[in-house]
Amino acid sequence: MKIVDRILETALYCSDLDRSVAFFRDLLGCRVMDHDPRFASLDAGAGTVLLLFREGGSTAGVTFASGAIPPHDGSGPVHMAFAVQPGTIEEWAAQLRAAGVEVESRVSWSRGGESLYFRDPDGHSVELATPGVWTVY
């Protein structure tokens, strides 16, 4: 199974945290590093982390002995992109189809990159992008 190289955007807010953890773990190969009732951190490749937060679970913030994480939350369908290897978009499309995930859109960019778009269980727009999408990637 192909796994992502790195994540370009980092946080999603989920109505069912366990369902979202399973989706990204099983479909994209993201390894679960931490998981509690409020959030999960997943290894998204190349030293990057995908944070999944239970909707409303971080509105009070979190205080530790060493500091505090300010309150945050989000709603509505947001966008995130994973970097994938050049020439793998067809393999990814097949992997998504085999898992019953509909490919919503495909784009061939003028710089040579390709993108594949689909939705996670909460309706977030997830992109798999090859190099050539941006001038920096």
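How do strand β4 and strand β5 pair, and over how many bridges? They run antiparallel, with 5 bridges holding residues 39-43 of β4 against residues 49-54 of β5. That pair belongs to an open sheet of 4 strands in this predicted model. Elsewhere in the chain, β9, β10 and β11 follow one another through two hairpins, and helix α2 packs its buried residues against those strands and α1.

**The chain as a whole**

- Count up the secondary structure and you get 2 helices and 11 strands.
- Reading from the N terminus, the elements go β-β-α-β-β-β-β-β-β-α-β-β-β.
- The radius of gyration is 15 Å, and a compact globule of 137 residues would come in near 14 Å, so the chain agrees with that expectation.
- Taken along the principal axes, the C-alpha atoms fill a box of roughly 45 × 30 × 25 Å.
- Of the 137 residues, 40% are buried.
- About 7100 Å² of the chain is exposed, and carbon and sulfur atoms supply 53% of that area.
- If you take contacts between residues at least 6 apart in sequence, 52% of them link residues at least 24 apart.

**The open sheet and helix α1**

- The strand order here is β2-β5-β4-β3, with mixed pairing.
- The edge positions go to β2 (11-14) and β3 (31-35); each has a single partner strand, so one side of each has no neighbour in the sheet.
- On average, neighbouring strands of this sheet are turned by 25° against each other, direction ignored.
- Helix α1, residues 17-28, packs on the sheet and touches β2, β3, β4 and β5.
- The direction of α1 makes about 160° with that of β5.
- For a landmark in the β4-β5 pair, look at Ala40, which sits opposite Leu52 in β5.
- As a reminder for reading any such sheet, side chains in a regular strand alternate between its two faces.

**Strands β9, β10 and β11**

- Strand β9 (residues 103-108) runs antiparallel to strand β10 (residues 114-119), and 5 bridges join them.
- Ser105 has Tyr117 in β10 as its bridge partner.
- Between β9 and β10 the hairpin has 5 residues, and Gly112 in the turn shows a positive phi of about 105°.
- Next along, β10 pairs with β11 (residues 125-129), again in the antiparallel sense and over 5 bridges.
- In that pairing, Leu116 faces Leu128 in β11.
- The hairpin of β10 and β11 also puts 5 residues between its strands, and there Gly123 has a positive phi near 85°.

**Helix α2**

- Which residues of α2 (residues 89-98) are buried? They are Ile89, Trp92, Ala93, Gln95 and Leu96.
- Looking down the axis of α2, these buried residues fall within an arc of 165°, so they line one face of the helix.
- The general background is that an α-helix has 3.6 residues a turn, so residues three or four places apart point the same way.
- What do the buried residues of α2 pack against? Their neighbours are α1, β9, β10 and β11.
- Arg97 and Ala98 are exposed and sit on the face of α2 turned away from its buried side.
- Just after α2 comes Gly100, with a positive phi of about 80°.

Methods
Residues are numbered from 1 along each chain as its sequence is written. This is a predicted model: local features need pLDDT of at least 70, side-chain atom pairs count only at pLDDT 80 or more; totals for chains, interfaces and linings use all residues. Side-chain values use heavy atoms; hydrogens and water are left out. Two strands pair if DSSP finds at least two bridges between them. Axes are lines fitted to C-alpha atoms, for helices over the stretch in contact, and angles run from 0 to 180 degrees between N-to-C directions. Contact means heavy atoms within 4.5 Å. Buried means under 20% relative accessible area, exposed over 50%, partly exposed in between (1.4 Å probe, protein chains only). The arc is that of the directions from the helix axis to the C-beta atoms. The radius of gyration is taken over C-alpha atoms; the globule rule is 2.2 Å times the number of residues to the power 0.38. Accessible areas come from the Shrake-Rupley method with a 1.4 Å probe; for residues, only the protein chains shown count as cover.
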